[in-house]
Amino acid sequence: MNNATVTAVACANIAFIKYWGNRDPDLRIPANGSISMNLDGLYTQTQVSFDPALTSDHLVINDRPATDPAQQRVRKLLNRVRQMSRKHEFAWIISQNNFPTGAGIASSASAFAALSLAATTAAGLDLSQRGLSRLARTGSGSACRSVPGGFVEWRAGDSDETSYAYSLASPEHWDLMDCIAIVSPAHKPVGSTEGHNLAGSSPLQAARVNDARRRLEWCRRAILERDFESFAEVVELDSNLMHAVMMTSTPPLIYWEPVTLAVIHSVQAWRRNGLAVCYTIDAGPNVHVLCPGATAHQVIAQLNQIQGVKNVLSASPGPPAHLIESNS
Ligand code: DP6
């Protein structure tokens, strides 16, 4: 049988209720459930083909051979695919992010979601969305949320079988926009994988995790009812809780820069003045500013006026991971 070349696309996502800390770091069973939105237009496109002539997997990211740690992480996921499919050939993996490299947008979520779909399809498997989400999770936790579309919840679960993401609502459900204020394009000094391992050293992590069920329920309801005011409150609370844990870990992780705080203060002032807007921040200094689509142009213009904001990207709710071409 000829080997197919399969191409898949998956969006990045922004977490409204954050994943921070693992119960099982190897399988990436998280300490708490999380909720996110896929980011339309910010995606990874990945092509996979198994090749009997290869003696190892070959990974190319943005036209360059990948670094050793990236190769190893991808090989681990491909080994799972080989085990599931009983296909023992090595593969070519050609991956491209369409968002500017170094813009500070996490690429592991879109990358492992696209890789999981392309690799399983190329290996002749036809996994369910849940199965794909579980597989993507083992590559990068947040990647399990880039498999389904729109607004997505990752059920923490307590095992490989029970920890997966599903769609809470389609992309059309709510016209929400993520306006990403790029504060620094620099690479983060401490990546999320390392950060997850430090979460337990903060005395605040237990309190954050113990209260997660309440925030998940609150956020889920705000999304389903399109209640922006309630949504804004829980999203900022959750982001602040995660950063409180980061800042009180040993060693402390402080991702914010002065401009990060300037954007936070501006967003708070705009909301006090009646603009529907709120912020959330991942493991980096850039600020994701969320607002209804109708006012996004105004929010983007205002963000651009803050001194130190280098650039503003924007994204509406995005589709699930999908195949774009397949030839055998
Ligand atoms: C702060 O999914 O990047 O963005 O599983 O080690 O790849 P790994 O971590 P990753 O962690 C994401 C952390 C976060 C919050 C979130 O997206 O929920």
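# A walk from the surface to the core

Let us begin on the outside, where Glu225, Asp227, Glu229 and Glu233 gather in a patch of negative charge on the surface. Keep in mind as you look that this is a predicted model. One member of the patch, aspartate 227, sits in the loop between helix 6 (212–224) and helix 7 (228–247). Is this residue buried or exposed? Aspartate 227 counts as partly exposed, because its relative accessibility is 30%.

Stay in that loop for a moment, since arginine 226 is found there as well. The backbone of arginine 226 deserves a look: its phi is near 50°, a positive value in a residue other than glycine. Most residues other than glycine have a negative phi. With a relative accessibility of 47%, arginine 226 is counted as partly exposed.

Now let us turn inward. In soluble globular proteins, nonpolar side chains tend to be buried together. Here, the largest nonpolar core has 30 residues. Which residues have the most contacts inside it? They are Phe16, Phe151 and Phe231. Several elements each supply at least two residues of this core: strand 1 (5–17), strand 4 (34–51), strand 9 (164–169), strand 10 (176–182), helix 6, helix 7 and strand 13 (311–315). Helix 7 gives the largest share, with five residues.

Next come the charged pairs. Side chains of opposite charge can pair when their charged atoms come close. How many salt bridges does a search of the whole structure find? The count is 13. A good one to pick out joins aspartate 160 and arginine 134, whose closest N and O atoms are 3.0 Å apart. This pair links distant parts of the chain, as its two residues are 26 residues apart. Aspartate 160 lies in the loop between strand 8 (151–155) and strand 9, while arginine 134 belongs to helix 3 (residues 129–139). Aspartate 160 is partly exposed, with a relative accessible area of 21%, and arginine 134 also counts as partly exposed, at 23% relative accessibility.

Aspartate 211 offers another case to follow. Its side chain meets that of arginine 214 in a salt bridge of 2.6 Å, N to O. Aspartate 211 also forms a salt bridge with arginine 215, and there the closest N and O atoms are 2.9 Å apart. What sets the two arginines apart is their cover: arginine 214 counts as partly exposed because its relative accessibility is 46%, whereas arginine 215, with a relative accessible area of 0%, is buried. Elsewhere in your view, look for Glu153, Glu217, Arg220 and Arg221, which are linked in a network of salt bridges.

Let us finish with two more details of the backbone. Where is asparagine 62 found? Its place is the loop between strand 5 (58–61) and strand 6 (64–65). Asparagine 62 has a positive phi of about 50° although it is not a glycine. This residue counts as buried because its relative accessible area is 19%, and buried means under 20%.

The other detail is a peptide bond. Most peptide bonds are trans. Threonine 250 and proline 251, however, are joined by a cis peptide bond, with omega about -5°. To find this spot, go to the loop between helix 7 and helix 8 (258–272), where proline 251 is located.

Note on methods:
Residues numbered from 1 in each chain as written. Predicted model: local features only at pLDDT ≥ 70, side-chain atom pairs only at ≥ 80, totals over all residues. Heavy atoms only, no water. Patch = residues over 30% accessible without salt bridge, like charges linked within 9 Å, V, L, I, M, F, W, Y side chains within 5 Å. Areas by Shrake-Rupley, 256 points an atom, 1.4 Å probe, with all protein chains shown as cover. Salt bridge = Lys/Arg side-chain N within 4 Å of Asp/Glu carboxyl O. Lys, Arg positive; Asp, Glu negative; His and termini not counted. Charge placed at Lys NZ, Arg CZ, Asp CG, Glu CD. Helix = DSSP H or I, 4+ residues; strand = E, 2+ residues; numbered from the N terminus. Buried < 20%, exposed > 50% of the residue type's maximum accessible area, 1.4 Å probe, protein only. Core = buried A, V, L, I, M, F, W, Y, C linked by side-chain atoms within 4.5 Å.
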